[in-house]
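Please open the model in your viewer and keep the selection tool at hand. The tour below goes from one selection to the next and says what is there.

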Amino acid sequence: MLGSLLLPEDVVIVPVSRLAPGMRDRMEHEDGDHCVTRPRSRTTTTVVDARTAALLERFRTPSTIVDAVVAFCSAEGSDLRASWCNGAAGHVPLWVLAHALLGDDRFEHLARGAAWTAYEDRAGAPGDLCCGYAGRAYALLCLHRHLGEPVWLARARALTDRAAASIEGYAFRRESLYKGEIGVALLAAEVNDPAHARMPLFEGEGRPSAVP
Ligand SMILES: [Zn+2]
């Protein structure tokens, strides 16, 4: 899973603007788009935006997907966000599951790194499960359950406090599980029973027959 990927040598990535006018006009594109093609194969030519082209170029040298995405985000100044839906909190259960199933220590390292990002971002956030502190707290509870380190429970409690304070001021949707107060209320109850705390409708409930 963490093996290196390498773009085949004959893959050509070129700005659409550099193509011959006849060819360019046949392609639906916007300014800055690139064309990805393999002239010596029957692969369909694809049009991608400039950022996707830049990410693809990282696979000219052998790179894992994780390394390529991390290097790309760092070069773009767009480090991973903290939220469950669009960021690090959602990566924690993924790496925890990979570590539990495959036992490779690199997955534990990734889980810890994602959990740190979910915990550390202090720029302020909504309180809810999807985009806010509550989903991030559940991510830390997931890591706590996996590693058994009390400090991750303490950090989850800190995020639970922030979730409660934040949701009081604003909720995307009133009385919503993922976008409102109900998710935060559930977290406030479950943080006191961390062995059974689960991101609702997402994490398995820990029954013997279920995925951990
Ligand atoms: Zn969200």
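Before the first stop, it helps to know that helix axes here are lines fitted to C-alpha atoms over the stretch in contact, and that angles run from 0 to 180 degrees between N-to-C directions. Keep in mind as well that this is a predicted model.

Begin by selecting residues 105-120, which form helix α5, together with residues 133-147, which form helix α6; these two helices pack with their axes 9 Å apart and at an angle of about 150°. Because angles over 145 degrees count as roughly antiparallel, α5 is described as roughly antiparallel to α6. If you look along the pair, the crossing of α5 and α6 is left-handed.

Next, show the side chains where the helices meet: on α5 select Ala111, Ala115, Ala118 and Tyr119, and on α6 select Arg136, Ala139, Leu140 and Leu143, since these residues make the contact. Sorted by class, the contact of α5 with α6 has seven nonpolar residues, no polar ones and one charged residue.

The remaining stops concern the backbone, where most residues other than glycine have a negative phi. Move to the loop between α7 (150-169) and α8 (181-190) and select glutamate 175, which has a positive phi of about 55° although it is not a glycine. Glutamate 175 is exposed, with 10 other C-beta atoms within 10 Å.

Finally, go on to the segment after α8 and select leucine 201, a residue that is not a glycine and yet has a positive phi of about 65°. Is leucine 201 buried or exposed? With 8 other C-beta atoms within 10 Å, leucine 201 is exposed.

Methods:
Residues are numbered from 1 along each chain as its sequence is written. This is a predicted model: local features need pLDDT of at least 70, side-chain atom pairs count only at pLDDT 80 or more; totals for chains, interfaces and linings use all residues. Helices (H or I, at least four residues) and strands (E, at least two) are DSSP runs, numbered from the N terminus. Angles under 35 degrees count as roughly parallel, over 145 as roughly antiparallel, 65 to 115 as roughly perpendicular and the rest as oblique. A crossing is left-handed if the near helix is turned anticlockwise from the far one by less than a right angle, and right-handed if clockwise. Two residues are in contact if their C-beta atoms, placed from the backbone, lie within 7 Å. Ala, Val, Leu, Ile, Met, Phe, Trp, Tyr, Cys and Pro count as nonpolar, Asp, Glu, Lys and Arg as charged, and the others, Gly among them, as polar. A residue is buried if 20 or more other C-beta atoms lie within 10 Å of its own, exposed if 12 or fewer, and partly exposed in between; C-beta atoms are placed from the backbone.
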